[in-house]
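Subject: Structure for you to look at, with notes

Dear colleague,

I am passing on the structure we talked about, together with some notes on what turned up when I went through it. Please read them with the structure open beside you.

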Amino acid sequence: MAEKNAYTVAQLADEYFERMIAGRWKHPNIVRSRIEKDIKPAIGSLKVEDVKPRHIDDVLKAVMKRGAPSIANDTLRWLKRMFNYAIKRHIIEYNPAAAFDPGDAGGKLEHHHHHH
């Protein structure tokens, strides 16, 4: 049991990538760069079971600070999938990203650019 509980987000992300993305996706490097650039630096060292919604919020805010709402949306999508995967593997019981939707990831910012 011990090693399961020490599972970090970085390990989860790597395993998720290896099992679910690599070899199945046409452009796995896009997912890889989301993981390496946005997910791991922010929450990679946390234990999966310690991740709270506020951590997800921090990740999304950091991405939006770079001015990238569409990337924030993407990152949220991968976080949700990763944590769902962790639930299936019995690492955690609930998905800390589940409460967030694209509006929280800056999705609604995009409409401001279309003033003519």
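To begin with a small point, is Arg32 buried, partly exposed or exposed? Bear in mind that the model is a predicted one, and that what follows was computed from it. With a relative accessible area of 22%, Arg32 counts as partly exposed, and the side chain is engaged in a salt bridge with Asp14, in which the closest N and O atoms lie 3.3 Å apart. Because Arg32 sits in helix H3 (residues 28-43) and Asp14 in helix H2 (residues 9-21), this pair ties together parts that are 18 residues apart in sequence. Asp14 is itself partly exposed, its relative accessible area being 28%.

Asp14 also forms a salt bridge with Lys40, where the closest N and O atoms are 2.9 Å apart; here again distant parts of the chain are linked, since Asp14 belongs to helix H2 and Lys40 to helix H3, 26 residues apart. Through shared partners, salt bridges join Asp14, Arg32, Glu36 and Lys40 into one network.

Another salt bridge pairs Arg89 with Glu15, with the closest N and O atoms 2.0 Å apart, and it links Arg89, in the segment after helix H5 (69-88), to Glu15 in helix H2, 74 residues away. Arg89 is partly exposed at a relative accessible area of 30%, whereas Glu15 is buried, at 14%. In total, the model contains 10 salt bridges.

Turning to helix H2 as a whole, the buried residues there are Val9, Ala10, Leu12, Ala13, Glu15, Tyr16, Phe17 and Ile21, and what covers them includes H3 and H5. After H2 comes Gly23, which has a positive phi, near 80°.

The packing of H3 against H5 deserves a separate paragraph. Two packed helices are described by the angle between their axes and by the distance between those axes. The axes of H3 and H5 come within 10 Å and cross at roughly 80°, and the two helices are therefore roughly perpendicular to each other. On the H3 side the contact is made by Val31, Arg34, Asp38, Ile39 and Ile43, which meet Ile71, Asp74, Thr75, Trp78, Leu79, Met82 and Phe83 of H5. Sorted by character, the residues of this contact are eight nonpolar, one polar and three charged.

Finally, there is the interior. In soluble globular proteins, nonpolar side chains tend to be buried together. The largest nonpolar core in this model has 31 residues, and those with the most contacts inside it are Leu12, Ile39, Val48, Ile56, Leu79, Met82 and Phe83. H2, H3, helix H4 (53-65) and H5 each supply at least two residues of this core, and H5 gives the most, with eight. If you would like one residue from which to explore it, Phe83 touches Leu12, Ile43, Val48, Val51, Ile56, Ile92, Asn95, Pro96 and Ala97, leaving aside residues up to four places away in sequence.

With best wishes

Definitions and conventions
Residues are numbered from 1 along each chain as its sequence is written. This is a predicted model: local features need pLDDT of at least 70, side-chain atom pairs count only at pLDDT 80 or more; totals for chains, interfaces and linings use all residues. Side-chain values use heavy atoms; hydrogens and water are left out. A salt bridge is a side-chain nitrogen of Lys or Arg within 4 Å of a carboxyl oxygen of Asp or Glu. Helices (H or I, at least four residues) and strands (E, at least two) are DSSP runs, numbered from the N terminus. Buried means under 20% relative accessible area, exposed over 50%, partly exposed in between (1.4 Å probe, protein chains only). Contact means heavy atoms within 4.5 Å. Axes are lines fitted to C-alpha atoms, for helices over the stretch in contact, and angles run from 0 to 180 degrees between N-to-C directions. Angles under 35 degrees count as roughly parallel, over 145 as roughly antiparallel, 65 to 115 as roughly perpendicular and the rest as oblique. Ala, Val, Leu, Ile, Met, Phe, Trp, Tyr, Cys and Pro count as nonpolar, Asp, Glu, Lys and Arg as charged, and the others, Gly among them, as polar. A nonpolar core is a set of buried Ala, Val, Leu, Ile, Met, Phe, Trp, Tyr and Cys residues joined through side-chain atoms within 4.5 Å.
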